[in-house]
Amino acid sequence: MRIASVKPSQRKKGRFLVELEDGRILRVTEEELLRFSLREGMELDGGELEALEASAKASAARTAAANIIGSRPLSKRELTRRLVRKGAAEEDAGAAADWLEETGAVNDREYAAMLVRHYAGKGYGKARIREEMHRRGVDRELWDEALEELPDQSETLDRLIQKKCRGDLSDRREVKRVSDSLLRRGFSWSEVKEALRRYMELLEDESC
């Protein structure tokens, strides 16, 4: 296959457009340009063309990965999934995620700790935070370590109960409504029960 032209991209610095005689355009990096000695009129045999195409796809996946992770933190698994959804091959997506992990741009341990801080700040308990880490592709082996940083949530529960209670908790339906709401937020029944006890004591003190 003959190369019809080699031109620098007008949109992306360090990117070159290699037009083949059949009309296809390969987007390559400067490194690939030099490594394959690409130039106008050059003939590429089947093996060379295949290697160039594979290298160009891998480079595109790395570029896309860097752009994605530059806009918001993600787990390695999340990043890989996004790249595949954008059209990258599984192998190229995984390699790009590995590359960013090696550079430190992707760090699942730090990401898990960030998720714990974020969802704890939004008033969620351990179970709900675990669900979020699972949904976002954080390895299970990192969950417990990240949750060690979870601060005591007694004050959070007390604040939520005071906000949600519509009055006296002598009504079982009211107790169930409030309890179910807190359980859905990921708090354990023992945590909810203890928080309700504290709230009842507070009401008794205020009524004295």
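Me: What makes a residue part of the lining of the second largest pocket, and which residues are they?
Reply: This is a predicted model, so keep that in mind as we go. The cut-off for a lining residue is an atom within 4 Å of a pocket point. By that rule, the list reads Lys57, Ala60, Ala61, Ala64, Leu83, Lys86, Gly87, Ala88, Ala89 and Asp92. About 190 Å³ of space lies inside this pocket.

Me: Which element gives the most to that lining?
Reply: That's H2, which supplies four residues.

Me: How many residues of that lining are nonpolar, polar and charged?
Reply: The split is six nonpolar, one polar and three charged. Gly counts as polar here, while Lys and Asp count as charged.

Me: OK, now the largest pocket. What is its volume, and which residues line it?
Reply: The volume is about 250 Å³. Its walls are made by Ser9, Arg11, Lys12, Arg15, Leu17, Ile25, Arg27, Ala60, Thr63 and Ala64. Four of these lining residues are nonpolar, two are polar and four are charged.

Me: Which elements supply at least two residues of that lining?
Reply: Strand S2 (15-20), strand S3 (25-29) and helix H2 (46-71) each do. H2 has the largest share, three residues.

Me: Lys12 is in that lining. Why is Lys12 called partly exposed?
Reply: Its relative accessibility is 43%. Buried needs a value under 20% and exposed needs one over 50%, so 43% falls in between and Lys12 counts as partly exposed. You'll find Lys12 in the loop between S1 and S2. Its C-alpha is 51 Å from that of Leu157, a residue 145 places away along the chain.

Me: How do you know that S1 and S2 count as paired strands?
Reply: The cut-off is at least two bridges between the strands. Strand S1 (residues 3-8) and S2 have five, running in the antiparallel sense, so they pass. You can spot Ser5 opposite Glu19, and Lys7 has Leu17 in S2 as its bridge partner. The two strands form a hairpin with six residues between them, and Gly14 in the turn shows a positive phi of about 80°.

Me: What makes S2 and S3 a pair?
Reply: Use the rule of at least two bridges again. S2 and S3 share five bridges in the antiparallel sense, so they count as a pair too. Val18 has Leu26 in S3 as its bridge partner. Their hairpin has four residues between the strands, and there Gly23 takes a positive phi near 100°.

Me: Why do we say that the span of H2 agrees with what's expected?
Reply: H2 has 26 residues, and at 1.5 Å a residue that should give 38 Å; its end C-alpha atoms are 38 Å apart, so the two agree. The buried residues of H2 include Leu49, Leu52, Ala58, Ala65 and Ile69. Among what covers the buried residues of H2 are S2, S3 and helix H4 (90-103).

Me: How do you know that H5 is close to its expected span?
Reply: Helix H5 (residues 108-121) has 14 residues and reaches 20 Å from its first C-alpha to its last, and 20 Å is also what 1.5 Å a residue leads you to expect. Tyr111, Leu115 and Tyr119 are among the buried residues of H5. A quick aside: an α-helix has 3.6 residues a turn, so residues three or four places apart point the same way.

Me: What do the buried residues of H5 pack against?
Reply: They pack against helix H3 (76-85), helix H6 (126-135) and helix H7 (143-147).

Me: Why is Thr80 called buried?
Reply: The cut-off for buried is under 20% relative accessible area. Thr80 has 17%, so it counts as buried. Thr80 sits in helix H3 and, not counting residues up to four places away in sequence, touches Glu90, Ala93, Gly94 and Ala97. The C-alpha atoms of Thr80 and Asp92 are separated by 9.0 Å, with the two residues twelve apart along the chain.

Me: And what makes Ser179 buried?
Reply: Try the cut-off of under 20% once more. Ser179 comes in at 4%, so buried is the right word. Ser179 lies in helix H9 (residues 172-184). Leaving aside neighbours within four places in sequence, Ser179 is in contact with Trp189, Val192 and Leu196.

How values were computed
Residues are numbered from 1 along each chain as its sequence is written. This is a predicted model: local features need pLDDT of at least 70, side-chain atom pairs count only at pLDDT 80 or more; totals for chains, interfaces and linings use all residues. Side-chain values use heavy atoms; hydrogens and water are left out. On a 1 Å grid over the protein atoms alone, a cavity is a set of points where a 1.4 Å probe fits but cannot get out, and a pocket is an open set with protein on both sides within 12 Å along at least five of seven lines; lining residues have an atom within 4 Å of a point. Grid points are joined across faces, edges and corners, and a volume is the space filled by probe spheres set on the points. The expected span of a helix is 1.5 Å times one less than its number of residues. Buried means under 20% relative accessible area, exposed over 50%, partly exposed in between (1.4 Å probe, protein chains only). Contact means heavy atoms within 4.5 Å.
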